[in-house]
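Work through the exercises below with the structure in view. Each task is followed by a stepwise solution.

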Amino acid sequence: MNWDDTTDETAADRLVGASADREDQAVEAALRPKDLDEFIGQEKVREQLDLVLRAARARGATADHVLLSGAPGLGKTTLSMIIAAEMGAPIRITSGPAIQHAGDLAAILSSLQEGEVFFLDEIHRMSRPAEEMLYMAMEDFRVDVIVGKGPGATAIPLELPPFTLVGATTRAGLLPPPLRDRFGFTAHMEFYEPAELQRVIHRSAHLLDVEIGAEGAAEIAGRSRGTPRIANRLLRRVRDYAQVKADGIITREIAAAALKVYEVDARGLDRLDRGVLEALLKLFGGGPVGLSTLAVAVGEERETVEEVAEPFLVREGLLARTPRGRVATPAAWAHLGLTPPQRTMGGNGQGDLFGA
Ligand SMILES: Nc1ncnc2c1ncn2[C@@H]1O[C@H](COP(=O)(O)OP(=O)(O)O)[C@@H](O)[C@H]1O
Ligand SMILES: [Mg+2]
């Protein structure tokens with residue numbers, strides 16, 4: 001599944017998009033948990049990582065390489081910083097797309113200090129030659145620097161100090177197995193439960209000096225798509241509303257009213273998601289309908305519907321992708337408050353678009 005939801009403008013501007021926009025980047029630094037104890041949820045990952053790091057510390061050794069996989073906004077960058085903090089090590093941050101040539105990678109690797117955490121975000125987007133250099137660096141703490149070109153080129157081996165590579169990816173399936181296998185520990189980040197997001201919201205509200213009740217936090221949490229980044233962003237928009245329209249205190253009513261203004265519904269669907277669902281139900285009787293037809297009906301690009309709207313609708317069990325086209329589930333009808341048409345028994349499975 002594609003979690004990169006920045007395929008076009010519709011995606012980039014979304015209040016419920018999971019990628020960080022410029023405002024997010026500015027405030028996120030202030031909201032990031034600093035150690036494992038402060039990190040909310042992801043119990044399994046936290047427990048396993050705690051063991052890995054404790055053991056390394058006890059041995060006085062550099063921690064094993066760690067791969068963090070999961071959708072955007074679930075805390076991968078945050079965890080990489082926590083790993084460095086817990087190890088008392090400095091951290092170097094870069095990303096796959098920033099490494100064009102193997103030489104770029106060699107330059108970074110050869111300047112690492114002993115025990116340093118090297119955070120490589122979007123590791124699945126690194127170039128192939130760089131990837132191959134990384135294999136050797138991860139396994140033998142060594143790189144071959146190629147000097148010269150053509151038949152006269154020679155490889156000069158360069159020893160590296162031991163370091164911890166922390167790779168992050170939204171698409172673990174895209175990593176070549178030899179790369180995946182070189183990580184000592186892989187953490188799969190899951191979407192968060194509403195109760196966990198509620199804690200994230202309380203914590204952020206405290207840091208932002210915003211007053212919020214338990215019900216207000218629950219209201220925002222339920223619309224945050226299991227994603228802390230979205231929870232924090234919705235919190236900031238609700239805070240604005242509370243300041244302008246009320247006394248600044250976030251109650252359940254204020255949160256609901258604010259998110260109605262921003263068109264984020266009770267399940268976290270925004271205008272685009274609802275548009276897709278509504279077209280599927282009202283124009284095509286719940287489907288099956290082809291992706292292209294559906295996209296034309298909502299006036300969006302195919303890719304936008306497929307990559308931006310659908311993943312969440314599928315995850316929420318509102319829409320199914322079948323070989324014959326997109327189909328709405330009973331939950332979709334219920335969510336939009338509509339009654340599904342009666343299906344003809346043993347028919348062509350098309351249903352009766354115009355009712356029985
Ligand atoms: N477990 C968590 N507890 C509290 N806040 C979190 C947690 N995970 C993520 N966040 C918050 O969500 C935002 C996005 O997290 P980030 O680490 O940048 O996600 P990713 O790198 O996976 O896209 C950060 O501001 C961070 O404070
Ligand atoms: Mg990140």
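**Exercise 1.** Place Arg-321 in the fold and describe its surroundings.

Step 1. Arg-321 lies in strand β8, residues 319-322 (strands are DSSP runs of E, at least two residues, and helices runs of H or I, at least four, numbered from the N terminus). Step 2. Arg-321 has 14 C-beta neighbours inside 10 Å, so it counts as partly exposed (buried means 20 or more other C-beta atoms within 10 Å, exposed 12 or fewer, partly exposed in between; C-beta atoms are placed from the backbone). Step 3. Beyond neighbours within four places in sequence, Arg-321 contacts Val-314 and Arg-326 (contact: C-beta atoms within 7 Å).

The model is predicted: local features need pLDDT of at least 70, side-chain atom pairs 80 or more, while totals for chains, interfaces and linings use all residues. Residues are numbered from 1 along each chain as written, with chains lettered from A and ligands numbered from 1 in written order.

**Exercise 2.** Do the same for Arg-302.

Step 1. Helix α14, residues 302-315, holds Arg-302. Step 2. Arg-302 is partly exposed, with 13 other C-beta atoms within 10 Å. Step 3. Leaving aside neighbours within four places in sequence, Arg-302 touches Leu-291, Ser-292 and Ala-295.

**Exercise 3.** Which residues does the UniProt annotation "binding site" cover?

Step 1. The unreviewed entry lists Arg-302, Arg-321 and Arg-326 (annotations may be inferred rather than shown by experiment). Step 2. They span 25 residues in sequence, but no two of their C-alpha atoms are more than 13.9 Å apart, so they gather at one spot.

How values were computed: Two residues are in contact if their C-beta atoms, placed from the backbone, lie within 7 Å.
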